[in-house]
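This report introduces the model shown below to a new reader. It treats the pairing of the copies, then the surface between them, then selected helices.

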Number of protein chains: 2
Amino acid sequence: MTSREPRPGKSERRTDALSKERIVEAAIEILDAEGESGLTFRALAARLSTGSGAIYHHVANKNDLLTAATDEIVERVLSGVARYGQPREVIRVVALGMFDAIDVHPWVGTHLTSEPRQLALPQVLEGLGGPLRALGVPDHAQFDCASALLNYVLGVGGQNAAHARVHAGVGDRATFLASIVARWTQLDPERYPFVHKMATRLREHDDREQFLAGIDLILAGIESVSRTGETAVLPDP
Amino acid sequence: MTSREPRPGKSERRTDALSKERIVEAAIEILDAEGESGLTFRALAARLSTGSGAIYHHVANKNDLLTAATDEIVERVLSGVARYGQPREVIRVVALGMFDAIDVHPWVGTHLTSEPRQLALPQVLEGLGGPLRALGVPDHAQFDCASALLNYVLGVGGQNAAHARVHAGVGDRATFLASIVARWTQLDPERYPFVHKMATRLREHDDREQFLAGIDLILAGIESVSRTGETAVLPDP
DNA sequence: ACCTGAACACCGTTCAAGT
DNA sequence: ACCTGAACACCGTTCAAGT
């Protein structure tokens, strides 16, 4: 519980003065280790060997801190992702990068959908939407296509973050999934036939593969829009 | 600030004893009127003219209360939705029902993605996935298709909830969107060419139409999977 | 200018005491 | 059995006082 010494340098000045970068870095470490509920200004101040009020000299409030931490993770992920190559492959790599990042940092999946003004959102949008032109998607359809991809990625991310949050408290992932399957199979089979059919598949499915299958599904839809023109689904004539 | 009289009936017993239904109903009213931050056990107790501890006799905790409120809204929406007709139309109506519900009750969009054990999730899954068989989607692909639709709906819902939360505090929707457009156009046009192209469209777009365009995109992808078989996107042979 | 940490205004939740 | 509301153990945030 005692705070570690901040490097035993000369005593002229603390060599590691507080800065937004150091605060964000410490916040990320706490978030990864303890989850969202572990990040308090008191815990953060203790880890930085300072008073909780000091943090407010570098960060406006907790929301600002979470936004900065989320932006930092997304920046790292997307800067390490190839932007050349087949457009379809770039989209898949960007999407998978976000999926894996949220797998490692579940809190990113939560905050990404809760603060629409953060930089991370246009960054992901650029990564998913940029390749659309090269894919042959007409100008007027690009917004809809990019937004579908983005919202799907955000949906899965939020869901995975919620899963991680829950089975952080209650045992491991397998027992957590089993508890959901059990709940689903208790539902009335007359009213929920589809859910019953899917329940077993839920237990044995691979999150990452299924995520990619969804991306491929949307990509197939995008291809079909690009071919047929204006609307994705034409009413039967 | 004085609490309203609970109906001046005879004094044998309070005619309106506390119950989970009454608590959930009051919680929904507070959530709709004041937003998520307005729902506190003190505010809820005051509205129900009782002590805050009394609520715990009918509800396990705040998460349980929010789950019950979310389930209630989703139950209302989906029970009022047609289950017959063209399968594609059923999917669109279920999706639009969720979209509109989250538009009216933004907190539903938040809680739907934060509690994976709630009943509302399999309910929406049934509504979106049930019609897939009639659409001609092969058995082994139905899980991926339904999950893509569900995650897209959850993504948009979470995003819209976040928008509502922000522009509840800061003026109306138009100025909120304008502030996002302003932020996006300040980004480096070299690094974010796509975001720049989309920024103007963001201001003039219709949320509901765009939501439906995304559903249609995924439906087009589903059609294409059903036609071509196993994989959505075939590698060029 | 930056840091400190006590103080303030809240929360969710518990629990002895009432009916 | 159900309700009451004070008390407890936290929060985020502020701010006088220090350096």
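By what turn and what shift along the axis can chain A be laid on chain B? A turn of 180 degrees with a shift of 0.0 Å along the axis lays chain A on chain B, and the RMSD is 0.0 Å. The two copies are thus related as by a two-fold rotation axis. Here the copies are superposed by least squares on the C-alpha atoms of residues with pLDDT of at least 70 in both.

This is a predicted model, in which local features need pLDDT of at least 70 and side-chain atom pairs count only at pLDDT 80 or more, while totals for chains, interfaces and linings use all residues. Residues are numbered from 1 along each chain as its sequence is written, chains are lettered from A and ligands numbered from 1 in the order in which they are written, and side-chain values use heavy atoms, with hydrogens and water left out.

**The interface**

In chain A, 69 residues are in contact (heavy atoms within 4.5 Å) with 69 residues of chain B. Because 100% of the interface residues of chain A are also interface residues in chain B, the copies meet through the same surface. The buried area, meaning the accessible area (1.4 Å probe) that two parts lose on being put together, summed over both, is about 5,800 Å² between chain A and chain B, and carbon and sulfur atoms give 65% of this area.

Two salt bridges (a side-chain nitrogen of Lys or Arg within 4 Å of a carboxyl oxygen of Asp or Glu) are counted between the chains. One salt bridge joins the side chains of A:Arg191 and B:Glu75 (4.0 Å, N to O). On the side of chain A that touches chain B, H7(A) gives the largest share, 20 residues.

**Two helices**

Helices are DSSP runs (H or I, at least four residues), numbered from the N terminus. The expected span is 1.5 Å times one less than the number of residues.

| Helix | Residues | Number of residues | End-to-end C-alpha distance | Expected span |
|---|---|---|---|---|
| H1(A) | 20-34 | 15 residues | 21 Å | 21 Å |
| H3(B) | 62-79 | 18 residues | 26 Å | 26 Å |

Buried residues (under 20% relative accessible area, 1.4 Å probe, protein chains only) of H1(A) include A:Ile23, A:Val24 and A:Leu31. The buried residues of H1(A) pack against H2, H3 and H5 of chain A. After H1(A) comes A:Gly35, with a positive phi near 85 degrees.

In H3(B), the buried residues include B:Leu65, B:Asp71 and B:Val77. They pack against H1, H2, H4, H5 and H6 of chain B.

How values were computed
Buried means under 20% relative accessible area, exposed over 50%, partly exposed in between (1.4 Å probe, protein chains only).
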